[in-house]
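Please walk through this model from its enclosed spaces outward to its cores, its loops and its cysteines. The paragraphs below take these topics in turn.

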Amino acid sequence: QISNREMVSQSRKLTSVLKNLGVGRGDRVIIQTPNCPEVFWAFSAAWRLGAVIVPINYMIGEAETAYIYRDSGANVLISSKAFVPKIRAARAQADNIKTLILTDDDAPEDALSYRKLVADAPEETFIADTNPDDMAALIYTAGTTGKPKGVIHTHGSLYANALMQHQTYPPTDGLTYVSILPLCHSYGIASSNVGLFRTSSMVLLNSFDLDVIFSSIEKYRASIMAAVPTMYVYMLMYPEPKKYDLSSMKYWICGSAPLAVETWNRFKEIYGFEIIEGWGLTEAGANNSCNPWEGKKKIGSIGLPMKGTEMKLTPVPLVWIRRQKSVGAIRRQEDIEQSRIEEYGMKTHLTILLAAVFLLTGCEKARLDQQVKELCAKDGGIKVYETVKLPAERFDQRGMINNYRPTQGENALGPEYI
């Protein structure tokens with residue numbers, strides 16, 4: 001068990017370590033490891049120095065890892081010995097990584113031991129004077145149709161998203177949250193950040209093991225868990241659903257992908273609980289809409305916009321999301337080559353994305369699905385429009401886009417594709 005005081009103490013010690021390694025404002029620090037307390041300490045220490053945290057999926061391959069190393073421009077990498085072979089192979093293609101810190105008691109000659117460094121470090125109480133628009137995190141998308149894109153989130157955008165969740169969800173002070181979502185993913189990061197506004201406890205798990213999850217719920221009398229649809233499908237396949245006492249659970253959250261209505265119905269039938277489905281996008285802070293945690297839910301839908309968020313479905317199959325200081329930007333390879341970051345956003349930080357990936361229910365969803373299929377076929381298969389910057393003349397009096405059609409290709413200057 002780790003107390004709040006120890007969390008602060010450990011993050012201060014790591015702040016001292018990183019400061020002595022030369023990390024300062026704007027520098028990138030990569031964290032590449034499964035869920036563990038060191039992830040939280042790395043986030044906190046980087047932000048105390050005004051640096052940028054870069055969480056990387058530790059399961060991706062060597063080529064993609066090397067690309068993110070280079071693309072992020074990071075000099076410091078925190079990981080563990082389990083990933084040293086992959087790290088070495090990736091570093092051979094990315095000479096910008098100067099320092100490797102491993103969260104183990106000892107380390108090979110080309111790395112430093114996290115535990116030894118922190119054990120001898122004083123608590124650094126310095127906190128950089130950051131602005132809401134200063135970059136806080138660089139979170140990479142999956143790179144579905146190309147190389148991963150680094151999504152920039154500022155201190156203001158992360159704060160706004162956490163506050164929005166806090167104002168939307170019912171009180172959870174005193175409850176225990178089982179954290180299984182990877183903290184290298186925006187969904188896991190956003191779901192953890194809301195805890196900064198609350199006095200809940202967290203059971204941090206580093207892998208998906210149903211016996212560990214269910215036994216943790218029973219042992220710690222947990223009440224909240226966020227997961228993805230595939231996890232719920234595996235729960236339905238678990239041979240002994242009554243083996244553990246899950247009666248303390250109140251809120252089962254689901255996001256990241258569409259949840260099948262059949263999965264929802266079977267989960268309620270087998271476990272007796274209603275899954276709360278929501279939706280979000282990395283570029284918009286990860287958590288943007290959600291079904292009511294308590295009361296009536298619209299099964300098969302993404303729910304209602306969270307407080308402080310506006311969402312609008314246009315006649316063209318687009319969903320518009322608008323929220324003050326809450327939408328990320330995209331770091332593009334062209335910008336890196338020019339040593340600058342292109343800041344995106346239109347009007348009050350508006351994000352545009354294709355509709356029918358998630359969206360609504362029934363005949364309206366079916367109609368949108370068909371429209372999107374036709375649109376994608378006509379445009380050569382472009383799938384999702386992320387954050388876009390467009391001049392004012394592109395909009396009509398209703399704020400709609402005037403005959404806007406993205407140009408096709410990886411080097412398009414308008415939208416970025418994933």
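**Cavities, cores and loops**

When the whole structure of this predicted model is searched, five cavities of 30 Å³ or more are found. The largest cavity has a volume of about 70 Å³, and its lining includes Ile-139, His-153, Leu-158, Ser-186 and Gly-285. Helix H6 (155-168) and H7 each contribute at least two residues to that lining, which by class is made up of six nonpolar and six polar residues, with no charged residues.

As for the chain that surrounds these spaces, its secondary structure comes to twelve helices and 18 strands. Of its 418 residues, 55% count as buried. Among the contacts in the chain with a separation of 6 or more, 69% are made by residues 24 or more positions apart.

The largest nonpolar core has 43 residues, of which Phe-214, Ile-217, Met-225, Met-235, Trp-252, Phe-267 and Tyr-271 touch the most other members. The elements giving two or more residues to this core are E8, helix H8 (210-220), strand E10 (224-227), helix H9 (229-237), strand E11 (251-254), helix H10 (261-271) and strand E12 (275-279). Apart from it lies another core, of 28 residues, and Leu-18, Trp-41, Leu-49 and Ile-139 are among them. Ile-139 was already met above, in the lining of the largest cavity. Returning to the largest core, Tyr-271 is in contact with Phe-214, Met-235, Leu-236, Tyr-238, Pro-241 and Leu-246, once its neighbours within four places in sequence are left aside.

Two of the loops between these elements hold residues with a backbone angle worth examining. Most residues other than glycine have a negative phi. Arg-221, in the loop between H8 and E10, is not a glycine and yet has a positive phi of about 50°. Ser-256, found in the loop between E11 and H10, likewise has a positive phi, of about 85°, although it is not a glycine. Arg-221 counts as partly exposed because its relative accessible area is 39%, and Ser-256 is also partly exposed, with a relative accessible area of 43%.

Further loops can be read through the contacts of single residues. Gln-32 is placed in the loop between strand E1 (28-31) and helix H2 (37-48), and with 0% relative accessibility it counts as buried. Not counting residues up to four places away in sequence, Gln-32 touches Ile-56, Tyr-58, Thr-65, Tyr-69, Leu-77, Ile-78, Ser-79, Ser-80, Phe-83, Lys-86 and Ile-87. Pro-182, by contrast, sits in the loop between strand E8 (176-179) and helix H7 (186-193) and is partly exposed, at 29% relative accessibility. With its neighbours within four places in sequence left aside, Pro-182 is in contact with Asn-35 and Gly-188. Pro-182 also lies 8.2 Å from Asn-57, C-alpha to C-alpha, although 125 residues separate the two in sequence.

It remains to consider the cysteines. A disulfide is a covalent bond between the sulfur atoms of two cysteines, and the structure holds zero disulfides. Cys-36 counts as buried because its relative accessibility is 13%, which falls under the 20% cut-off for burial. Cys-184 counts as buried as well, at 13% relative accessibility.

Note on methods: Residues are numbered from 1 along each chain as its sequence is written. This is a predicted model: local features need pLDDT of at least 70, side-chain atom pairs count only at pLDDT 80 or more; totals for chains, interfaces and linings use all residues. Side-chain values use heavy atoms; hydrogens and water are left out. A disulfide is a pair of cysteine sulfur atoms within 2.5 Å. Buried means under 20% relative accessible area, exposed over 50%, partly exposed in between (1.4 Å probe, protein chains only). Helices (H or I, at least four residues) and strands (E, at least two) are DSSP runs, numbered from the N terminus. Contact means heavy atoms within 4.5 Å. On a 1 Å grid over the protein atoms alone, a cavity is a set of points where a 1.4 Å probe fits but cannot get out, and a pocket is an open set with protein on both sides within 12 Å along at least five of seven lines; lining residues have an atom within 4 Å of a point. Grid points are joined across faces, edges and corners, and a volume is the space filled by probe spheres set on the points. Ala, Val, Leu, Ile, Met, Phe, Trp, Tyr, Cys and Pro count as nonpolar, Asp, Glu, Lys and Arg as charged, and the others, Gly among them, as polar. A nonpolar core is a set of buried Ala, Val, Leu, Ile, Met, Phe, Trp, Tyr and Cys residues joined through side-chain atoms within 4.5 Å.
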